[in-house]
Amino acid sequence: MPQQVDLSVFIKRHPDGSASLDFAVDGITCAACIGDIEGALKNVAGITRARVNYTNHRLNVEWVEPSFDPAQVIDALARINYHAYPFTYDETEEREARRARWLLRCLAVAGFAAMNIMLLSVSVWAGNASDMTPATRDFFHWLSALIVLPAAAFAGQPFFQSTIGAIRARSLNMDVPISIGILLALTMSVVETARHAREAYFDSAIMLIFFLLIGRYFDQAMRRKTRAVATNLAALRAPVATKLGADGTEEIVPVSALAAGEHVLVKPGAKIPVDGVVLSGHSEIDAAIITGETKHQNVSPGALVYAGSVNFDGLLTIEVKAAGRGTLLDEIEHMIEKATEAKSRYLRLADRASRLYAPVVHATAAATLIFWLVTGASFHDAAIAAISVLIITCPCALALAIPAVQVVAAGALFRSGILLNAGDAIERLAKTDMVLFDKTGTLTLPEPVLVDAAQYDSITLEEAARLATASRHPLARALALHAKGAASLDTATEIRGAGVEAIVGGQRARLGSPTFCNLEAEAERALAHEPCASALAYRCGDRSAIFLMRQMLRPDARQSVDALRAQGMALMIASGDHADAVRDVAEELGIVEWKAGLKPGEKIALLDALKAAGKKVLMIGDGLNDAPALAAAFASLSPISATDLAQASADAVFLGERLMPVSLALATTRKAHRLMRQNLAFSVLYNAVAVPLAMAGLLTPLIAACAMSGSSILVTANALRANKAGRPQTEPRIHVHENALPTMMEARL
Amino acid sequence: MTILLVLVPLALGLGGIGLIAFLWSLRSGQYDDLDGAAYRVLSDDDLPK
């Protein structure tokens, strides 16, 4: 295509006059690609710096001269078979990157302090057992205080900030007891040091911060990685639109640069890039992704169309519209809002644990204090015992128990092609006991496929397919897959609204609508057998054929459905399509319960009814019409080919043509959930042993340090077992429609 | 034990240098592409040809 995309919206201008642009690069498969790409760009005049980020498969290019055209970068890379797609870092990704750097700084400070404190503490422990003078011990304690107090003030910020936030919101989270424990341990240590005591708890406090920060950092790194892949995938889909200027000029711009009121041209066979109103043109569109309805709709001026629909045969001019009142989109967004509100806020396992945990611990500490006072101990001794209860229960293991499993399980899911949107998705997915499928685009592939290719005469099929490569009509593209790499015909011309025509071996060959080929009667007969299919006619001389195209099931739909059933899931189909089409699919998959012709609101009503019947429903859908149901369901998944709104409403997105990731996701999350509970049980056990020691006043800093680190390591080691669940016996090959995804997934963790 | 007055600041100083070096490397973006860095060290495209 000669027309170039206008890249100006992606360019970042720097104050020193230089400019830069970020690309997501597709085709990076190995480390040698780094040298290839950077080498190729070195030869492009004007580029001052080009650097590949191999981890994220991204490229950053800088230049100084204002006249430099960044499209040269795309061309230079295309020549060596890489595809570069411009993108801008979205705000959340940038915020996450800043937070990651901050956490790493805190971690470094905590690690530095922890190492030096352990040096001093081990000396004191050894000295207490031998002949250390009290003066030296005090010196070491004051020195520890000097290092730990500023280090904890800096490195403890993530916990302190979260605690302040929780208290402001009048709620409790795990960081509240952590912060209380740290503060009390530090205060008590300073007081004890001033009283020339034998022991202080500086080491426990800083080790606690260090271990917890490691957990936080890994959790954050996992989410950042998922987000980076999601941003790259979005860039790869490269949504562009043909903008129609006031003077009739056509310009290709990224969809993100379009404003309401501007005019967009949609050619036959293209996806409609934006929501809008048709200004001129008549066409048939496939709005399956919006409504689930596979029958094509006729649109004419004044009709509302939605992004993602496929324009079939006419040229349309569309006025871009923001979601206005009364449109389908407005209604759906409203429903999503309501569904998200109504969804009784799921209480995460960690939150439930900490809600139970904090009062129990604080009551135990108070009971210890009272017990020792009543039995006649001094206030100082009683307070020490009470505070050591708080320190030893400080939830090092508890705070790691769940996040550690989450990180490992999310990594395993990521490698199997499932990207999590929500942090608590793992727990919710694990608990579901029923799957509600959308049909179009979920059980079936998003694009139509030729029905039963073997029944056609192979020569006719190949000829027709070769002719089809010249067309951009969606049905023709499905047929063109059978061209077996044959070059398209030079003589082929596309006749708008009818089909393509070419001269083959001196004869006129036509491919297109049945009317165009004079095969209306035959088409009608063929369609009588396959009412859900669309027909494409072909005639060349006296040879003719009717090709039937329809939505086909995903290649492993049957296996996946069986696997889900074996996992104990109840199955049901809820589709917006007409009953005949849904019945076929349901029968083919052996799913007994199905509902057809559902509107978005009816899908929510169905979910409510199932919820009332005690079912925890996993909704899987891709359409705009599924988005409210995805938001309302207990847990939800959507394929990567789904509309943006559906993807944003779902808990996780899966890549590829296969449906197997659904069953894989269930297996992984169930195992992860089991490990979470095991870890929690272990934390309780650990406390059951350690707390009586602390209450009896027998807890020394040495025991505290060993118990805390030991339990953290044990819990983390247990969490690593979640990794195994994600590796299926047979490695799933990821076949993807949107050509490029497999290489993106090869990004290693 | 007055030797401690020399040794302790020395130990802290060494640790401090390590910390500052880490913070500097973090600031200069050396942790942005961990996978790439592992391979870049093997390529000799910086040698004069």
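Is A:T294 buried or exposed? In this predicted model, A:T294 is buried, its relative accessible area being 16%, and the tour will come back to that residue once the chains as wholes have been looked over.

**The two chains**

Select chain A and fit it to the window: taken along the principal axes, its C-alpha atoms fill a box of roughly 110 × 65 × 50 Å. With the cartoon switched on, chain A shows 26 helices and 27 strands. Colouring by accessibility brings out that 54% of the 749 residues of chain A count as buried, while a surface display of chain A corresponds to an exposed area of about 32,700 Å², of which carbon and sulfur atoms supply 57%. A contact map of chain A adds a further point, for among the contacts between residues at least 6 apart in sequence, 68% join residues at least 24 apart.

Now select chain B, which has 49 residues, with buried residues making up 20% of them. The cartoon of chain B has two helices and zero strands, and the accessible surface of chain B comes to about 3,800 Å², with 70% of that belonging to carbon and sulfur atoms.

**Strand β3 and the loop after it**

Select A:N53, which belongs to strand β3 of chain A, a strand that covers residues 47–53. A:N53 is buried because its relative accessible area of 16% falls under 20%. From A:N53, display the neighbours in contact: setting aside residues within four places in sequence, these are A:R58 in chain A, together with B:D32 and B:D33 in chain B. Then add A:N56 to the selection, and check the distance from its backbone nitrogen to a polar atom of the A:N53 side chain, which is 3.2 Å.

Next select A:H57, which sits in the loop between β3 and β4 (58–63) of chain A. On a Ramachandran plot A:H57 deserves attention, since it has a positive phi of about 60 degrees although it is not a glycine. A:H57 counts as buried, with 4% relative accessibility.

**Helices α4 and α6**

Show helix α4 (residues 134–155) and helix α6 (residues 175–194) of chain A, which pack with their axes 10 Å apart and at an angle of about 155 degrees. That angle makes α4(A) roughly antiparallel to α6(A), and the crossing of the two helices is left-handed. To see what makes the contact, display the side chains of A:D138, A:H141, A:W142, A:V148, A:L149 and A:A152 on α4(A), and those of A:L186, A:V190, A:T193 and A:A194 on α6(A).

Staying on helix α6 of chain A, select A:S179. A:S179 is buried, with a relative accessible area of 4%, and, leaving aside neighbours within four places in sequence, A:S179 is in contact with A:F159, A:F160 and A:T163.

Then move to A:H196, in the loop between α6 and α7 (202–237) of chain A. The phi of A:H196 is near 60 degrees, again a positive value in a residue other than glycine. Is A:H196 buried or exposed? A:H196 counts as exposed, because its relative accessibility is 53%, against a cut-off of over 50%.

**Back to A:T294**

Select A:T294 and centre the view on the loop between α8 (288–291) and β11 (297–299) of chain A. Which residues does A:T294 touch, not counting those up to four places away in sequence? They are A:K439, A:T440, A:Q551, A:D577 and A:H578. For A:Q551, which is 257 residues from A:T294 along the chain, the C-alpha atoms of the pair are separated by 8.2 Å.

**The loop of A:S575**

The last selection is A:S575, in the loop between β23 (570–574) and α19 (579–589) of chain A. A:S575 counts as buried, at 0% relative accessibility. Not counting residues up to four places away in sequence, the residues that A:S575 touches include A:G292, A:D438, A:K439 and A:T440; others in the list are A:V582, A:K595, A:A596, A:G597, A:L598 and A:K603. Within the loop, draw the distance from the side chain of A:S575 to the backbone nitrogen of A:D577, which is 2.9 Å.

To finish, zoom out until A:T48 is also in view: A:S575 and A:T48 are 527 residues apart in sequence, and their C-alpha atoms lie 54 Å apart in space.

Note on methods
Residues are numbered from 1 along each chain as its sequence is written. Chains are lettered from A and ligands numbered from 1 in the order in which they are written. This is a predicted model: local features need pLDDT of at least 70, side-chain atom pairs count only at pLDDT 80 or more; totals for chains, interfaces and linings use all residues. Side-chain values use heavy atoms; hydrogens and water are left out. Helices (H or I, at least four residues) and strands (E, at least two) are DSSP runs, numbered from the N terminus. Buried means under 20% relative accessible area, exposed over 50%, partly exposed in between (1.4 Å probe, protein chains only). A polar contact is a pair of N or O atoms within 3.5 Å; within protein, one must be able to donate a hydrogen and the other to accept it, and residues adjacent in sequence count only if both atoms are side-chain atoms. Contact means heavy atoms within 4.5 Å. Accessible areas come from the Shrake-Rupley method with a 1.4 Å probe; for residues, only the protein chains shown count as cover. Axes are lines fitted to C-alpha atoms, for helices over the stretch in contact, and angles run from 0 to 180 degrees between N-to-C directions. Angles under 35 degrees count as roughly parallel, over 145 as roughly antiparallel, 65 to 115 as roughly perpendicular and the rest as oblique. A crossing is left-handed if the near helix is turned anticlockwise from the far one by less than a right angle, and right-handed if clockwise.
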